[in-house]
Every structure is written in structure tokens, then in C-alpha cells.
Amino acid sequence: MGSTESQALAAVRDAEQRAAAAPWTVAAVDALMALPLPELMHRAQVVHRANFDPCEVEFATLLSVKTGGCPEDCSYCPQAARYDTGVEATKLMGPDDVLAAARAAKDAGATRFCMGAAWRAPKDRDIEKVSELVRGVKSLGLETCATLGMLEEGQAQALADAGLDYYNHNLDTAPEFYGQVIKTREYQDRLDTLGHVRTAGVKVCCGGIVGMGETRRQRAALIAQLANLNPYPESVPINHLVKVEGTPLADQEDLDPLEFVRTIAVARIAMPKARVRLSAGRRQMGEAVQAMCFMAGANSIFFGEKLLTTDNPETLDDVALLGKLGMYPRGRKPGEEAASVATENLAPAAAAAGHSHGGGCGCH
Ligand code: SAM
Ligand code: DTB
Ligand code: SF4
């Protein structure tokens, strides 16, 4: 074994021991962030390869089951009623429409289906209705995820009983920056909800947003917070701010894309076994930055043409990008039997996107 490789493996062991034993300090995460980019990318890739197939990407599809009209003041969010963003408030969707969307997502290749609701906190009667949605989506053979705002302990348990696999609730940013973004709920409220989700035995999906005007150290502090959750989240969505007209962050200055890539790499190193999701903001990012994020250890994306209220990349463009990179959707390693999804659904899409090569990717 060459010395570079053994040094890299030692770095992996070091990272794993830290994750298992000692909390991450902000200074340690910040030091990783400041590494020369080739060194940081190498470390992230070594950690990624030790824990995952680096060519595999999870497809999760989002559906906004209850849109807009939210009483909270999250400065980034198009669904807050107080901002004039043109998003119309809707009622909670019924099971027929949700299941039709879930079936379509599954047919397109998604393995996880995430239902989002623009609530500060659901009422118990909302939980009953969402539990029915969870049971239906699960019966299709999809992993289920929901993001409904703050939960009480009993509500988390009810969702667990309905078969919910993941609950998404983000810390969003560093504790020090949080008050500049959201004033209607505390950081501790978010930690409390995450605790209830864990206690109920539902897996945690928790990440944040980058590009809201925070400093690099504050990005490091967000990653340290996430990595120090005990255990750290199974799923970590890293969103790039989508600037929406009418929200207070609409005119936020652009973040250097390489800072976003660094944040992904550091998340990978600090949470070696988590699914790190390259989440909102891909449409604005372009292919090269997305590719760098995959190389930095991102291994999940939202797949489908809408996020909650804003646009995601076109499905055909995603299929074409993965094809160009020689990457494939989770459960569909080229040459192996498809795990649970009809592979042929993606082949026409790839062809229509002008994606045709020898079949080394998972799209054929
Ligand atoms: N209302 C629930 C809550 O806030 O917990 C669930 C839905 S909320 C829209 C889920 C997450 O979406 C937020 O925590 C935030 O991280 C992300 N998000 C919302 N608007 C965004 C934007 N404009 N850009 C990037 N991420 C955004
Ligand atoms: C997450 O971290 N990002 C998703 C999901 N969890 C719910 C939401 C992104 C929303 C982007 C803005 C919108 O489409 O409204
Ligand atoms: Fe409401 Fe969630 Fe948007 Fe905040 S992020 S305004 S809680 S929908």
C-alpha cells in the first residue's frame, strides 16, 4: 500500500473514531473546510468509498402535500404567508392524488418519497391524515419520509406506527446565525423535535441551507451541530438557497460554488455513513458544480421536476448527467438485476435526452 493511500486510510479511521467517540469542534470542521481543495476532495472520497459505492445515487422525490400559508417567518421560504411570493395556500391533499404522484415517482426510479407540509406544527388530526398517506405510500414499496414542522412526542410515535421511515427536520444553519434567519421558533425547538423523532424510532433526515449570508465558520458550525447529534442523522440534505422573489433573502449575494462543494465534502467526512443529499438549488448550479458535489461525497438527490414550490432540474437532464458521469441510481448497478424498479422506464428518457453510449451507466 502506498504511503498516500495509507495516510488516507488513517484519516478515515481518524474521522470514524472522532464520530464515534468525541464531539466535532467547530474549529476542527473549519480546519477541514480550509484544506486545499484537492486534499479535501481526496479525504472526502476516501471516506465515501469506505462506506458507499461512489457511483451510486439515491433518488428521492418530493411532493408538497400542503402548500403555503405558513405562519412562520423563515427568511428563505416562499411558503411563509407573510411574504408576497405568489405561492397560493392549499389544503392537505387527499390519498388518491398523493398515491398517484407516488406511483409516478416510483415508475420514474425514485426509491424514497418525501411529503412536505407548510405547517409550523401539525395538529393531531393532521397527523391522522398524514399517517394514512404514509401507509399508502409505503404499501407501494417506497421508503417514506415526511416533513411537517415541529412534532410532539406522541405525534412522532403515531407516524412511526404508520410505518414512517424518515422524518425531515432541518437545523438549517449555525446556532449563531439562526436568529438572523428565523425568529418565530428557536434552535432548541428543532433539537427537541429531532429528539422526539429519534425516541419514536424514526430515522432522522436533517441538514441545512448554505448561501444565506453565513460565514464559512458558520457553515462549519452547522456541520458540527449535525455531526454531534448522537447518533448523527441517517440522511443529511444540504440545500443551496433558492432565492425566491418576495422573500427577505431574494437578493442575497451569490455564494462561491466551491464553498458549497467544500460544505458537501466536510459533511461527508464528518458523517461518514450518512446519505448526503445534494438538495435544493441544483437547477441553478449547473452540471460541473453538481458533478463536483458527487465527487465530494453527495450520494442522494431530489429527482423530479419540482421541489416543493420551486423548480428542480428536468428529469431527462438528470438522467443525462448521471449517464455522462457513469453514475447510476441506487439499486441499479449496471450488469446486476434491478433491485426493485423497472429499469426500462429510464432508458427512453435517456435516449430522448441524447444520452447514448456503450451502456456503462445505469440508465440503460
Ligand atoms: N414546514 C416544515 C418545516 O419548516 O420544518 C417543512 C417544510 S420546509 C419547506 C423544509 C425545508 O426546506 C426547510 O427547513 C429548508 O431547509 C428548506 N427550504 C425551504 N425553502 C428553501 C429555499 N428557498 N432554498 C433552499 N431550501 C429551502
Ligand atoms: C430539504 O432539506 N429540502 C427540501 C425538503 N427538505 C423538504 C425542500 C426544499 C425546498 C426548496 C424551496 C421550495 O421548492 O419551496
Ligand atoms: Fe413554514 Fe417550513 Fe417554510 Fe418555515 S420553512 S416558513 S416552517 S413552510
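These are my notebook entries on one helix, one cavity and several salt bridges in a predicted model.

**Entry 1: helix 10**

I began with helix 10, residues 257-270. I checked its length first. At 1.5 Å a residue, its 14 residues should span 20 Å. The end C-alpha atoms are 20 Å apart, so the two values agree.

Next I looked at the N-terminal end. Asp 256 caps helix 10 there. One of its side-chain oxygens lies 2.9 Å from the backbone nitrogen of Leu 258.

Then I asked how many residues of helix 10 are buried. The count is 12 of the 14, so the rest of the structure largely encloses this helix. I listed the buried residues: they run from Glu 259, Phe 260, Val 261, Arg 262 and Thr 263 through Ile 264, Ala 265, Val 266 and Ala 267 to Arg 268, Ile 269 and Ala 270. Charged side chains are on that list, including Glu 259 and Arg 262. I noted Glu 259 for a later entry.

**Entry 2: the cavity**

I searched the whole structure for cavities of 30 Å³ or more and found 1. It holds about 840 Å³ of space. I counted 43 lining residues. Closest to the centre are Tyr 76, Cys 77, Gln 79, Asn 170 and Leu 308.

Which strands supply at least two residues of the lining? I found strand 1 (56-66), strand 2 (112-117), strand 3 (143-147) and strand 7 (235-240). Strand 2 gives the largest share, 4 residues.

I also sorted the lining by class. It has 24 nonpolar, 12 polar and 7 charged residues.

**Entry 3: salt bridges**

I counted 20 salt bridges in the structure. I followed three pairs and one network.

The first pair is Arg 43 with Glu 39. Their closest N and O atoms are 3.1 Å apart. Both residues sit in helix 3 (residues 37-51). They are 4 residues apart, about one turn of the helix. Arg 43 has 31% relative accessibility, so I logged it as partly exposed. Glu 39, at 33%, is partly exposed too.

The second pair brought me back to helix 10. Glu 259 and Arg 216 meet through their side chains in a salt bridge, 2.6 Å from N to O. Glu 259 belongs to helix 10 and Arg 216 to helix 9 (residues 216-228), so the pair ties together parts 43 residues apart in sequence. Is Glu 259 buried or exposed? Its relative accessibility is 12%, so it counts as buried; the cut-off for that is under 20%. Arg 216, at 28%, counts as partly exposed.

The third pair is Glu 287 with Lys 324. The closest N and O atoms are 2.6 Å apart. Glu 287 lies in helix 12 (residues 287-295) and Lys 324 in helix 13 (residues 315-325), so this bridge ties together parts 37 residues apart in sequence. Glu 287 is partly exposed at 37% relative accessibility. Lys 324 reaches 57% and therefore counts as exposed, the cut-off being over 50%.

Last, I traced bridges with shared partners. They join Glu 58, Arg 112, Glu 143, Arg 277 and Arg 330 into one network.

Notes: Residues are numbered from 1 along each chain as its sequence is written. Chains are lettered from A and ligands numbered from 1 in the order in which they are written. This is a predicted model: local features need pLDDT of at least 70, side-chain atom pairs count only at pLDDT 80 or more; totals for chains, interfaces and linings use all residues. Side-chain values use heavy atoms; hydrogens and water are left out. The expected span of a helix is 1.5 Å times one less than its number of residues. Buried means under 20% relative accessible area, exposed over 50%, partly exposed in between (1.4 Å probe, protein chains only). A polar contact is a pair of N or O atoms within 3.5 Å; within protein, one must be able to donate a hydrogen and the other to accept it, and residues adjacent in sequence count only if both atoms are side-chain atoms. On a 1 Å grid over the protein atoms alone, a cavity is a set of points where a 1.4 Å probe fits but cannot get out, and a pocket is an open set with protein on both sides within 12 Å along at least five of seven lines; lining residues have an atom within 4 Å of a point. Grid points are joined across faces, edges and corners, and a volume is the space filled by probe spheres set on the points. Ala, Val, Leu, Ile, Met, Phe, Trp, Tyr, Cys and Pro count as nonpolar, Asp, Glu, Lys and Arg as charged, and the others, Gly among them, as polar. A salt bridge is a side-chain nitrogen of Lys or Arg within 4 Å of a carboxyl oxygen of Asp or Glu.
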